[in-house]
Amino acid sequence: MTEHSNGGRTAIVIGGGLAGMLAVTALLGQVETVTVVERDRYPEGRGFRKGVPQARHLHILLSGGSRALEELLPGTIDALGEAGARSLYLSRDLLTRTPTGWQRRFDERRHRTLSVTRPVLDSVVRERVLRAAAESATRVEVLEATEATGLTGDAGRVTGVRVRSRDGAPRSGRELPAGLVVDASGRGSRTPRWLADLGRSAPQEETVDAGLAYATRMYRPKDPATAPDAGVNVPGWPECPRGAAYVPVEDGKWLLTLSGVRGHHPPTDAAEFTAFSATIGDPYVHELLAQAEPLSPVHGFRDTCNRRRHFERPGALPEGLLVLGGAACTFNPVYGQGMSVAALGALAVRRTLANGGGPRPGSTAEAQRAVARAVEPAWVAAVGADRPYASPADAKAGVGERLSTWYIDRLFARAAIDPVVGAAFRDVFCLTAPPTRLVAPQIFLRTVFLPRRPGLPGPPAVIEGV
């Protein structure tokens, strides 16, 4: 990082949620001070926070994200387990209903996925980040109830952030100088507008919007002895564009998320929510609700557009600015990729800065490109799944993309019964392998030339060896 008169070797992170805390971890040892600007006050204990609109919905940490988080903060996965997070091996512990039937259960333990409520995840990660900071050479300060209102600097370089209090203090703004500013403020990021204020054009943006909405309610099985021995996933498909996921979380509780695209949005009225669960592609989830008691109201969410801002392209960002997590790329949350991508992005930043001996001229552009590479597999997966439901303006798929959609459709059907193809699919879905894994010769031949057979007629109780 170039020394300059105000910022020196300092960094500001906008957003103190999961992505922001992981950004702090990436910067430890690379700068002298980090100031986190967080618009909320953190709740006492492990409560829900107003500034996280998805907090009451289902959250999973895919194995690729778990590995990245563990490299950033060793011991965090065990700490989450001690706090109650549930471990699920996808091919064994998640029953999946495909358009052709139920997926077989294989005793494959390659991908440990964590299912956990957002307050537990956020608090465990935040506690460990601040503990790691206290043991490092980097001083970290968190400004709660403080809102970032703009960037300082010019079109060529960002030199800090303008902030104001949101907590009863005088609302006059002030400027915080910094040599590096990291935007980790999520879906609501205002960086494109702030760049315009500095005289720069907004980055190129891609959107694919399936028009999906979802609603979630928490349950507890009436008799734990008769609770399912696995989570349940019934994704929607074109002939039945309604879906459900029923997954265990901490303290013996389960979260049910119902989803649907335009014209099929799940209701938030409790009775109508239960009735909607009977209209998805299989009655199994609806039958399970008769054996459970609700513990919460129904919470809805509709901001599910896939949006990618190409900050990594040449000239898209001024020096001294880096954009991470949902501020750079947001996914349809129903695929459970966002937290894992945030961890992978933060790890990419750490590696980039460490390889270069710390922040330096040009390092933010290099780090932003590394973040984009970490995002790419998840973006391809989410957009490919949502494209069939996208609005006409977003759905300009060429011949190549139509062939890809046909191939993925066959691969998904084959993965439901074939442990070899299924393992490759899970490698990519869990963000531990690039999408090219799906067209490796063995996988391509099994997908294209082996027969497309139906899955099982009902949820499998038997776990088969691999």
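These are my notebook entries on a predicted model.

**Entry: the small sheet**

I started with strand pairing. Three strands make an open sheet, ordered S3-S8-S4, with antiparallel pairing. S3 and S4 are the edge strands, each pairing on one side only. I then went through the pairs. S3 covers residues 60-61 and S8 covers residues 112-115; they are antiparallel over two bridges. Leucine 61 has leucine 114 in S8 as its bridge partner. S4, residues 86-89, also runs antiparallel to S8, over four bridges. For that pair I noted two positions. Arginine 86 faces serine 115 of S8. Tyrosine 89 faces arginine 112 of S8.

**Entry: helix H2**

Next I looked up H2, residues 63-72. How many of its residues are buried? I found seven of 10, so I wrote the helix down as mostly covered. The buried ones are Ser63, Gly64, Gly65, Ser66, Ala68, Leu69 and Leu72. I also checked what lies over them. The cover includes two strands of the sheet above, S3 and S8. It also includes the helices H1 (18-27), H3 (76-82), H5 (118-134) and H9.

**Entry: the nonpolar cores**

I turned to the nonpolar cores. The largest has 62 residues. Its members with the most contacts inside it are Val13, Leu22, Leu27, Leu69 and Val125. Leu69 was already on my list of buried H2 residues. Which helix gives the core its largest share? That is H9, residues 338-355, with nine residues. I followed up leucine 27. Leaving out residues up to four places away in sequence, leucine 27 touches Ala11, Val13, Val34, Thr138, Leu180, Val182 and Leu353. A second core, separate from this one, has 29 residues. Among them are Leu212, Ala244, Tyr246 and Phe273.

**Entry: arginine 200**

I wanted to see how a charged residue sits in this model. Arginine 200 lies in the loop between helix H6 (191-197) and strand S14 (205-208). Where is its nearest side chain of opposite charge? I found aspartate 154, 7.2 Å away. A salt bridge needs the charged atoms within 4 Å. Arginine 200 has none, although it is buried. I did find a backbone partner: a polar atom of the arginine 200 side chain is 2.3 Å from the backbone oxygen of alanine 155. Alanine 155 is also among the residues that arginine 200 touches. The others I listed are Gly156, Leu195, Gly315, Ala316, Leu317 and Pro318, again not counting residues up to four places away in sequence.

**Entry: alanine 413**

Alanine 413 is in helix H11, residues 399-415. Why do I call alanine 413 buried? Its relative accessible area is 5%, and the cut-off for buried is under 20%. Setting aside residues up to four places away in sequence, alanine 413 touches Thr100 and Arg452. I also checked arginine 453, which is 40 residues from alanine 413 along the chain. The C-alpha atoms of the two are separated by 7.7 Å.

**Entry: helix H12 and its ends**

Last, I looked at H12, residues 419-429. Which residue caps its N-terminal end? Aspartate 418 does, with a side-chain oxygen 2.8 Å from the backbone nitrogen of valine 420. The buried residues of H12 are Val421, Gly422, Ala423, Ala424, Arg426, Asp427 and Val428. I noted that this list includes the charged residues Arg426 and Asp427. After H12 comes leucine 431, with a positive phi near 65°.

Notes. Residues are numbered from 1 along each chain as its sequence is written. This is a predicted model: local features need pLDDT of at least 70, side-chain atom pairs count only at pLDDT 80 or more; totals for chains, interfaces and linings use all residues. Side-chain values use heavy atoms; hydrogens and water are left out. Buried means under 20% relative accessible area, exposed over 50%, partly exposed in between (1.4 Å probe, protein chains only). A polar contact is a pair of N or O atoms within 3.5 Å; within protein, one must be able to donate a hydrogen and the other to accept it, and residues adjacent in sequence count only if both atoms are side-chain atoms. A nonpolar core is a set of buried Ala, Val, Leu, Ile, Met, Phe, Trp, Tyr and Cys residues joined through side-chain atoms within 4.5 Å. Contact means heavy atoms within 4.5 Å. Two strands pair if DSSP finds at least two bridges between them.
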